[in-house]
Amino acid sequence: MIAGVEIENFTVFGSLQLSLSPRLNVIIGSNGTGKTHLLKAIYGLALAGLPPSEEHPANEIAADVSKKLLRLFSPEEGRIGALRANGAEAPTRLSLVSSDDTRVTISFGGRSQSVQIKVDAGGAGHELQPVFIPTKEVLSLVRGMRHPRHDRATVEMIFDDGYVDLAELLVRPGFEDEASSLIEDPRLSSVVRELVDLVGGRYRWTSEGAFRFEPGHYEEKADPGRSKSKAAQAYQDSTVTRFVPKDGHSLSSGMTAEGYRKIGVLHRLLCNGSISPGTTGLLLWDEPEANLNPKLMKKLVQVLLELSRNGQQIVLATHDYVLLKWLDLLIDKGKEDHVRFHALYRDAETQKLAAESTDSYSLISKSAISDTFAELFDEDMARALGGAKP
């Protein structure tokens, strides 16, 4: 688990320290307060803490992390020093601290060609692969991003690595690509079914190199093969959950609602194990509410809470009052739910970015979201009362 993040002189941040909940974290703030920058910084740090591998040998990790940061933030200058905060004199430093006090630190100066990486605590890093879901949906874009006739350099000029990395995760084979049975971790079977019920079907990767939407639902059916086994008889385990297609037709992902596609991304990542609570790393999701019908928000919040209960650490960035209020209303202390809210804002005197964190949304005093909805309520009341301001 990631216990905290520390940032000095990086992009829009002068100095920032956050203590993260092991369950669910919500980043709020006005436009320009660095919510997306914060998510990308945490993602880059988590990748920097991964142990060396054949693809990323130890002597190349610093260069790989430098390239990743440039690909995530896309500064026009194309050099790592361009990611320093304007006017900063001291070096840039970013650190992630895990619950076992492991600390991964990235640092660089204005003229640096590459970052320096330091891992404290016996040389061990954050060994779990993080997942970053950007604001725009990706399912309908994967075919174009990975098509062999498309120029890779052009794709990378259009999409930063938040999108490119997610596209690679989405095409990993999942259990639904091999069979129709729901055979994933039983802790998550209800979550997977709920996501399918939410949009009325599932998105599958096809041999044509694209995602298609397959209407249908999961249902429990008798499994003769299992019912004959002694183990099945002993545990009365004679049924299997299977996906049942509707009418045998499917749609191009681009012909379905964008909000549905965002739900499909989460479903796909769960089905192929890219998100597996307790065995994969931090989930970072930028504006999950974007293009999502407010009626779907309650169920999405319930799914996120269920994932966190099973050991998935989550960091969200949002502008949405509905999502925030459902989080506030659906927290179940009996299930050890925990949500920490982090409000980013500009100090009125210094104009520097600062953060306020609390475990209760009602205690946040720097929320532009709640202020705006309070203003709307006042205006609505004023009109109802004949124009008099309440």
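The following exercises, each with a worked solution, concern a predicted model of a protein chain.

**Exercise 1. The chain as a whole**

Determine how many helices and strands the chain has, and what share of the chain is buried.

*Solution.* Begin with the secondary structure, which comes to 13 helices and 15 strands. Next, turn to burial: of the 390 residues in the chain, 48% are buried. Then consider the surface, where the accessible area is about 19000 Å² and carbon and sulfur atoms hold 49% of that area. Finally, examine the contacts with a separation of 6 or more: 67% of them join residues 24 or more positions apart.

**Exercise 2. Two lysines**

Establish whether Lys-118 is buried or exposed, and do likewise for Lys-35.

*Solution.* Locate Lys-118 in strand S6, residues 116–120. Its relative accessible area is 53%, and exposed means over 50%, so Lys-118 is exposed. Beyond four places in sequence, Lys-118 touches Arg-103, Val-104 and Thr-105.

Now locate Lys-35 in helix H1, residues 35–48. Lys-35 is buried and has no salt bridge. The nearest side chain of opposite charge is that of Glu-287, at 5.7 Å, whereas a salt bridge requires atoms within 4 Å. The side chain of Lys-35 does reach the backbone oxygen of Ser-30, at 3.2 Å. Among the residues that Lys-35 touches beyond four places in sequence are Ala-317, Thr-318, His-319 and Leu-344.

**Exercise 3. Helix H5**

Explain why helix H5 is described as largely enclosed by the rest of the structure.

*Solution.* Count the buried residues: 9 of the 10 residues of H5, residues 161–170, are buried, and the helix is therefore largely enclosed. These buried residues include Asp-161, Tyr-163, Asp-165 and Leu-170. Then inspect the N-terminal end of H5, which Asp-160 caps; one of its side-chain oxygens lies 2.7 Å from the backbone nitrogen of Gly-162.

**Exercise 4. The nonpolar cores**

Identify which residues touch the most other members of the largest nonpolar core, and which helix gives the most to this core.

*Solution.* The largest nonpolar core has 59 residues, and Leu-24, Leu-170, Leu-266, Leu-269 and Leu-270 touch the most other members. Helix H11, residues 294–309, gives the most to this core, with 8 residues. Apart from this core lies another, of 39 residues, among them Phe-10, Phe-13, Phe-73 and Ile-106. As a general matter, nonpolar side chains tend to be buried together in soluble globular proteins.

To finish, follow the contacts of Leu-170 beyond four places in sequence: they include Val-138, Leu-139, Val-142, Phe-211 and Leu-269.

Conventions
Residues numbered from 1 in each chain as written. Predicted model: local features only at pLDDT ≥ 70, side-chain atom pairs only at ≥ 80, totals over all residues. Heavy atoms only, no water. Helix = DSSP H or I, 4+ residues; strand = E, 2+ residues; numbered from the N terminus. Buried < 20%, exposed > 50% of the residue type's maximum accessible area, 1.4 Å probe, protein only. Lys, Arg positive; Asp, Glu negative; His and termini not counted. Polar contact = N/O pair within 3.5 Å; in protein donor to acceptor, adjacent residues only side chain to side chain. Contact = heavy atoms within 4.5 Å. Core = buried A, V, L, I, M, F, W, Y, C linked by side-chain atoms within 4.5 Å. Areas by Shrake-Rupley, 256 points an atom, 1.4 Å probe, with all protein chains shown as cover.
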